[in-house]
Amino acid sequence: MMTKNRRKRREAFEEHSYWQSYSDMMAALLLIFVLIIAITLAIYRQKTVDLEQSQNSLGIARQELEDAKKDLEDARADLEEYRAAIEKSNQELANSLAELQQAYADAALTQDELNKAYLEIDNARNELTATQKELQDIVGIRTDIIGALQSAFNNSAMSVDAQTGSITFSSDVLFKYNSAALSDDSRSTLKEIIPMYLDVLMQDQFREYIAEIIIEGHTDTDGTYESNMELSYNRAYSVARFCMDPRNGLTEDKIEQLKSVLTVNGRSFSQPIYAADAQGNPTDQVDMAASRRVEIKFRLKEDEMIEKIEEVLRQ
């Protein structure tokens, strides 16, 4: 009986010991589970921290990349400015070189122009010297011609102007009023006077100095300028035509020489002659009869020489 009770107590004790081990095992498992969770949480937290650090590092790297890009763009902009500055400097250098070359060319051209000007001055000086020599050769020719004309007309009723060497015919003697046809009486007068005057001018010693022989008609102030211009020219032309007729005293050779220098002009009433007072001073009263006239005069080559010298001096 005691043995049986002892067995029951042992069994009861043994059953109680089994559940105690199971609870210990569950506690251990729970502890392990908690430990795993703690470890997992710790690992998660570490990973989270690492991820945040990685993100922060990535953000920093990205910012640094953006900064690097900005620095690169700034460097590129600076490079472009530097390149533009170099190109501008090169262009300015090229322009300066071109200006320098142009300056050299202008200087060379200026020197050429200066040499040309010197040459023209030398030519003008030589021409002036030759002209002066030519003038010296004909100094006094006008006086000689006028003296020869005065000698030729010494016994004539026609007078020679002592200043110009011209002779003057009254239109009233040569023509009828308002006519350009020579009268019969005038022809004998012209036939006497014209050859005498022209023979002097056509002498060998004077002929080369004669630039022009001029027959000039003048009228009074009665009528219009145009009508008097026509009348004055026609009268001068009538005298010229008379001179060139070999029946009127000039030889064929003299007529040919005359044609090369003869000029016919009509002056209308542009140069009237004014009446003089008792003292011989001109007044403002036109001398109508004296204004109606035909003049024969000459122009020497010395007049052309003077014009030529003036032209050279102007140049």
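Strand 2 (residues 210-218) and strand 6 (293-300) pair in the antiparallel sense over 8 bridges. Two strands count as paired if DSSP finds at least two bridges between them. Strands (E, at least two residues) and helices (H or I, at least four) are DSSP runs, numbered from the N terminus. Within this pair, Gly 217 stands opposite Val 294 in strand 6.

The model is predicted: local features need pLDDT of at least 70 and side-chain atom pairs count only at pLDDT 80 or more, while totals for chains, interfaces and linings use all residues. Residues are numbered from 1 along each chain as its sequence is written, and side-chain values use heavy atoms, with hydrogens and water left out.

**The sheet**

The two strands belong to an open sheet of 4 strands with the order 1-6-2-3 and mixed pairing. Strand 1 (167-170) and strand 3 (262-266) stand at the edges with a single partner strand each, so one side of each has no neighbour in the sheet. From one strand to the next, the twist averages 20°. The pairings are listed below.

| Strands | Sense | Bridges | Opposite residues |
|---|---|---|---|
| Strand 1 and strand 6 | antiparallel | 4 bridges | Ser 170 and Arg 293 |
| Strand 2 and strand 6 | antiparallel | 8 bridges | Gly 217 and Val 294 |
| Strand 2 and strand 3 | parallel | 5 bridges | Ile 215 and Val 264 |

Strand 6 is mostly covered, as 6 of its 8 residues are buried; buried means under 20% relative accessible area, with a 1.4 Å probe and protein chains only.

**Helices on the sheet**

Helix 2 lies across strand 2 and strand 6, running at about 140° to strand 6. Helix 4 packs on the sheet and touches strand 1, strand 2 and strand 6; its direction makes about 165° with that of strand 1. Angles run from 0 to 180 degrees between N-to-C directions, and axes are lines fitted to C-alpha atoms, for helices over the stretch in contact. Contact means heavy atoms within 4.5 Å.

**The helix pair**

The axes of helix 2 (residues 141-152) and helix 4 (residues 184-201) come within 10 Å and cross at roughly 150°. That makes helix 2 roughly antiparallel to helix 4, a term used for angles over 145 degrees. Helix 2 contributes Ile 145, Ala 148, Leu 149 and Ala 152 to the contact, and helix 4 contributes Met 196, Tyr 197, Val 200 and Leu 201. These residues divide into 8 nonpolar, no polar and no charged. Ala, Val, Leu, Ile, Met, Phe, Trp, Tyr, Cys and Pro count as nonpolar, Asp, Glu, Lys and Arg as charged, and the others, Gly among them, as polar.

Notes. Parallel < 35°, antiparallel > 145°, perpendicular 65-115°, else oblique. Buried < 20%, exposed > 50% of the residue type's maximum accessible area, 1.4 Å probe, protein only.
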